[in-house]
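Hello,

Here is the structure I promised to pass on to you. Have a look at it first, and then read on for what turned up.

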Amino acid sequence: MEDGISTDRIKLNVGGKLFETTVSTLQSGGPDSLLAALSNRQHHSSSTPIFIDRDPEIFSVLLSLLRTNRLPSTSRRFTDQELSDEASYYGIESHLKSAMLPNPLSGIDAAIVSTIRPASDGFVTAFTAIDDGSVWIAHGGQISVYDWNLTHAGTVRTHLDSITSIKQVTSTPITAVASDVASGVHFYNFANGRRVGSVEWIDRTDPRIYKARVTAVTDSPDLVFSAFDSHHKENCVLAIDKSTLQVTSEIGRQSGNSSKSTVPGTLTYVKELGVLAATAITSGAFGFSGYIRLWDPRTAHVVWETNEPGSGRSSRFGDSFADVSFDVDELTMCKICSKSGDLAMADLRKLGDDPWVYLRETNPSLRNTSGGISNSVVHCYKKQVFVGRDGGLEVWSRVAQNGESDREIGEESFRRNYIDKVQDSERGIISKIEGGGERLFVSREEAEGLEVWQSSVFSGAVLVL
């Protein structure tokens with residue numbers, strides 16, 4: 001105490017409205033915040049409040065956030081952008097982000113919360129979700145970025161008429177984009193909207209290699225991997241150095257004259273195992289066929305592969321996969337069968353001649369009795385498997401089994417639940433599912449916008465079997 005006045009109390013005049021709080025509350029915003037700096041002013045114990053020329057109503061919300069680590073109900077009067085702008089001014093944006101992020105994604109309790117519709121061309125041709133819950137959306141020849149709060153952060157127009165592959169490839173805003181109707185993979189700096197590099201597949205000894213299109217893009221900490229397909233069906237994966245944007249190696253070159261040698265449609269880098277996973281799926285009058293192939297990118301050697309049908313590495317010969325997904329955190333992969341519609345999983349650490357475990361639904365009312373569906377997509381995320389069947393969306397959630405380890409997969413390790421309502425499934429055929437942060441993003445064929453799915457505020461319900 002000094003002269004009867006507590007040195008921990010401080011008065012602020014924000015936009016003409018008087019606030020009284022404690023120094024410790026302001027300093028809880030962090031040492032680099034404006035509020036912490038103001039709390040260190042020597043005269044804060046005087047009767048003259050420190051004046052801040054900002055909105056007092058929003059400041060009241062942010063002050064409550066610092067006191068309780070939660071947003072008060074009055075925050076609903078303001079848009080997310082208004083709250084974010086003020087939090088950024090005071091230097092406490094990380095606190096606001098923590099309070100506004102969605103609950104942990106639980107598929108059995110997820111629901112659509114919004115639909116992102118980019119301006120000018122709302123049809124999403126490709127998108128990539130980021131770990132913090134933000135998303136980069138390609139629509140036409142443009143890229144629109146929506147931050148962790150799903151606020152529009154900006155749009156860049158590229159030289160392409162249509163973008164079908166997109167991937168953020170560095171911590172700085174560099175993204176790789178490509179089109180299945182134009183050659184090469186191209187790199188854009190989102191900060192200034194400029195193209196900073198392009199890579200074409202060139203072989204001066206082979207005249208068949210020219211204007212090769214890109215069908216898939218992924219990255220590792222140091223490299224970008226792009227699958228190229230020439231007009232003569234010669235195809236390969238190029239490894240591109242991130243720092244120089246120069247090709248370092250050619251992986252898996254082949255002539256795509258059959259389903260076993262067609263160009264990969266998806267690429268996934270499994271960091272923990274140091275392998276590049278590629279899948280190729282084709283469909284025709286005789287059904288689905290394709291392959292899954294794992295490469296060691298350091299040597300360009302295949303470390304494991306399977307072809308369906310025809311490899312003998314499936315206990316269900318003839319029931320080829322319609323889609324495949326990899327969980328790089330759990331080191332698993334899953335496939336959905338084209339004829340039966342069944343879901344199978346495999347442990348990437350225990351790949352053998354037939355690594356698949358076919359999941360069995362014990363609840364008769366939820367079993368898939370309709371067989372395969374012509375349009376099926378699958379996505380592994382956060383120990384869950386999300387499946388789109390035509391317009392319907394479902395989730396297979398991990399459940400504890402007696403005597404089963406956390407990573408061991410058994411026939412009854414997962415339980416199936418429907419996520420969507422009837423009106424949701426009527427929006428159109430699901431074309432892609434991808435998770436980012438605690439969100440699930442879903443695009444549909446011939447439908448504008450990108451759906452955002454989150455768990456409700458009441459998430460945490462226990463699955464009763």
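A word on naming before we start: helices and strands here are DSSP runs, numbered from the N terminus, with at least four residues for a helix and at least two for a strand. Please also keep in mind that this is a predicted model.

**The chain as a whole**

By that count the chain has 6 helices and 31 strands. It is 465 residues long, and 50% of them count as buried. Its exposed surface comes to about 21800 Å², with 47% of that supplied by carbon and sulfur atoms. If you take the contacts with a separation of 6 or more, 50% of them involve residues 24 or more positions apart.

**Around helix 4**

A good place to begin is helix 4, which covers residues 80-90 and includes Asp85. Is Asp85 buried or exposed? Neither label fits: its relative accessibility is 41%, so Asp85 counts as partly exposed. On the surface, Asp85 joins Asp55, Glu82 and Glu93 in a patch of negative charge.

Helix 4 also has an inward side to explore. Its buried residues are Leu83, Ser84, Glu86, Ala87 and Tyr90. What do these buried residues pack against? Their partners are strand 1 (9-14), helix 2 (34-39), strand 3 (50-52), helix 3 (56-68) and helix 5 (93-100). Just after helix 4 comes Gly91, which takes a positive phi of about 80°.

**Salt bridges**

The count of salt bridges comes to 24. Three of them are worth a visit.

One joins the side chains of Arg77 and Glu57, at 3.8 Å from N to O. Arg77 sits in the loop between helix 3 and helix 4, while Glu57 belongs to helix 3, so this pair ties together parts that are 20 residues apart in sequence. Arg77 counts as exposed because its relative accessibility is 56%, whereas Glu57, at 32%, counts as partly exposed.

Another pairs Arg208 with Glu234, whose closest N and O atoms are 3.2 Å apart. Here the loop between strand 12 (194-199) and strand 13 (213-219) holds Arg208, and strand 15 (residues 234-241) holds Glu234, so the bridge ties together parts that are 26 residues apart in sequence. Arg208 is partly exposed, with a relative accessible area of 35%, but Glu234 is buried at 6% relative accessibility.

The side chains of Lys432 and Glu434 also meet in a salt bridge, at 3.2 Å from N to O. Lys432 is partly exposed at 29% relative accessibility, and Glu434 is buried, with a relative accessible area of 14%. Beyond single pairs, salt bridges that share partners link Asp203, Asp206, Arg208, Glu234, Glu250 and Arg253 into one network.

**Two lysines with positive phi**

Finally, look at the backbone of two lysines. Lys233 has a phi near 75°, a positive value in a residue other than glycine. Lys233 is found in the loop between strand 14 (223-229) and strand 15, and it is partly exposed at 48% relative accessibility.

Lys382 is no glycine either, yet its phi is positive, at about 55°. The loop between strand 25 (376-381) and strand 26 (384-389) is where Lys382 lies, and with 37% relative accessibility Lys382 counts as partly exposed.

Enjoy exploring it!

Best wishes

Technical notes: Residues numbered from 1 in each chain as written. Predicted model: local features only at pLDDT ≥ 70, side-chain atom pairs only at ≥ 80, totals over all residues. Heavy atoms only, no water. Patch = residues over 30% accessible without salt bridge, like charges linked within 9 Å, V, L, I, M, F, W, Y side chains within 5 Å. Areas by Shrake-Rupley, 256 points an atom, 1.4 Å probe, with all protein chains shown as cover. Salt bridge = Lys/Arg side-chain N within 4 Å of Asp/Glu carboxyl O. Lys, Arg positive; Asp, Glu negative; His and termini not counted. Charge placed at Lys NZ, Arg CZ, Asp CG, Glu CD. Buried < 20%, exposed > 50% of the residue type's maximum accessible area, 1.4 Å probe, protein only. Contact = heavy atoms within 4.5 Å.
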